[in-house]
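Dear colleague,

I am passing the structure below on to you, together with notes on what I found in it. Please read them alongside the coordinates, and let me know where you would like to go further.

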Amino acid sequence: MTEQPATQERTLVLIKPDAVARGYVGEILARIERKGLRLAALELKVAPNEVAQQHYAEHEGRPFYPSLLEFITSGPLVAAVVEGPRAVAAFRQLAGGTDPVEKAIPGTIRGDFGLETQENLVHGSDSVESAEREIALWFPAL
Ligand code: RTP
Ligand code: MG
């Protein structure tokens with residue numbers, strides 16, 4: 001039997017303020033493109049507070065939430081819609097685990113460039129449902 005081609009998905013990627021400040025935008029976009037994923041939308045901006053709050057609403061009440069909001073709004077970030085077969089999981093694979101030292105392995109974006117759990121360079125949606133919600137939040141015109 002022939003395998004069916006994987007369904008096309010879209011995922012929301014953020015290149016977080018730490019990665020923009022450190023000059024990793026080109027490196028991270030290159031890894032996304034080399035994987036075979038496509039950029040469907042791309043924007044450099046400082047995240048408005050309301051967008052940051054809604055984006056990380058699932059973490060409201062956690063001890064790191066106030067600091068996370070401060071960090072994610074602290075400077076320009078790059079928001080992108082990335083698409084391709086299994087794009088959600090494919091980008092999470094490129095990113096590596098949340099903690100760049102304990103979880104992300106070398107060869108991943110966080111494993112190669114990160115040291116801190118908060119300043120971990122990138123965000124990628126964790127499911128197709130999250131991606132739909134996050135794309136509507138960051139790119140309402142799409
Ligand atoms: P993201 O949502 O940014 O793609 O990251 P993730 O799924 O790998 O991790 P998640 O659990 O959703 O956490 C969101 C972001 O919050 C910061 N964080 N800090 N200090 C801490 O213990 C802690 N835990 C999480 C990180 O920036 C993480 O990416
Ligand atoms: Mg997450």
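According to the UniProt annotation, which belongs to an unreviewed entry, residues 8–142 are covered by "domain: Nucleoside diphosphate kinase-like". Over residues 8–142 the chain is 41% helix and 21% strand, with the end C-alpha atoms 16 Å apart. Please keep in mind that this is a predicted model. The protein chain has a mean pLDDT of 97, with 99% of its residues at 70 or more, and for the complex the predictor gives an ipTM of 0.94 and a pTM of 0.96.

I begin with the interior. The largest nonpolar core has 29 residues, and those with the most contacts inside it are V13, I15, I28, V82, F91, I109 and V122. Two or more residues of this core come from each of the elements β1 (8–15), α2 (25–35), β3, α5, α6 and α7 (128–138). For I15, if its neighbours within four places in sequence are left aside, the contacts are V20, V25, I28, L77, V78 and V122.

The strand β1 deserves a closer look. Seven of the eight residues of β1 are buried, so this strand is largely enclosed by the rest of the structure. Its pairing with β3 is antiparallel and runs over eight bridges, and in β3 the residue V81 is the bridge partner of L12. β1 also pairs in the antiparallel sense with β4, here over three bridges, and in β4 the residue opposite L14 is H123.

The helix α7 has a buried side and a face turned away from it. A131, E134 and W138 are buried in α7, and because they cover an arc of only 75 degrees around the axis, they lie on the same side of α7. The buried residues of α7 pack against β1, α3 (49–55), β3 and α5, whereas the face turned away from the buried side carries the exposed residues E129 and A136.

Which backbone angles should be checked by eye? Two residues that are not glycines have a positive phi, and I describe them in turn. R86, with a phi of about 50 degrees, is found in the loop between β3 (77–85) and α5 (87–95). R86 counts as partly exposed because it has 16 C-beta neighbours inside 10 Å, and a residue would need 20 or more to be called buried. L121, with a positive phi of about 75 degrees, lies in the loop between α6 (109–113) and β4 (122–124). Its 26 C-beta neighbours inside 10 Å are why L121 counts as buried.

Finally, a note on L29, whose place is in helix α2. This residue is partly exposed, with 17 other C-beta atoms within 10 Å. L29 and S127 are separated by 98 residues in sequence, and the distance between them in space is 21 Å, taken from C-alpha to C-alpha.

With best regards

Methods. Residues numbered from 1 in each chain as written. Chains lettered and ligands numbered in written order. Predicted model: local features only at pLDDT ≥ 70, side-chain atom pairs only at ≥ 80, totals over all residues. Helix = DSSP H or I, 4+ residues; strand = E, 2+ residues; numbered from the N terminus. Buried ≥ 20, exposed ≤ 12 C-beta atoms within 10 Å, placed from the backbone. UniProt positions renumbered as here; feature names shortened; annotations may be inferred. pLDDT = per-residue confidence, 0-100. Core = buried A, V, L, I, M, F, W, Y, C linked by C-beta atoms within 7 Å. Contact = placed C-beta atoms within 7 Å. Arc of directions from axis to C-beta. Pairing = 2+ DSSP bridges.
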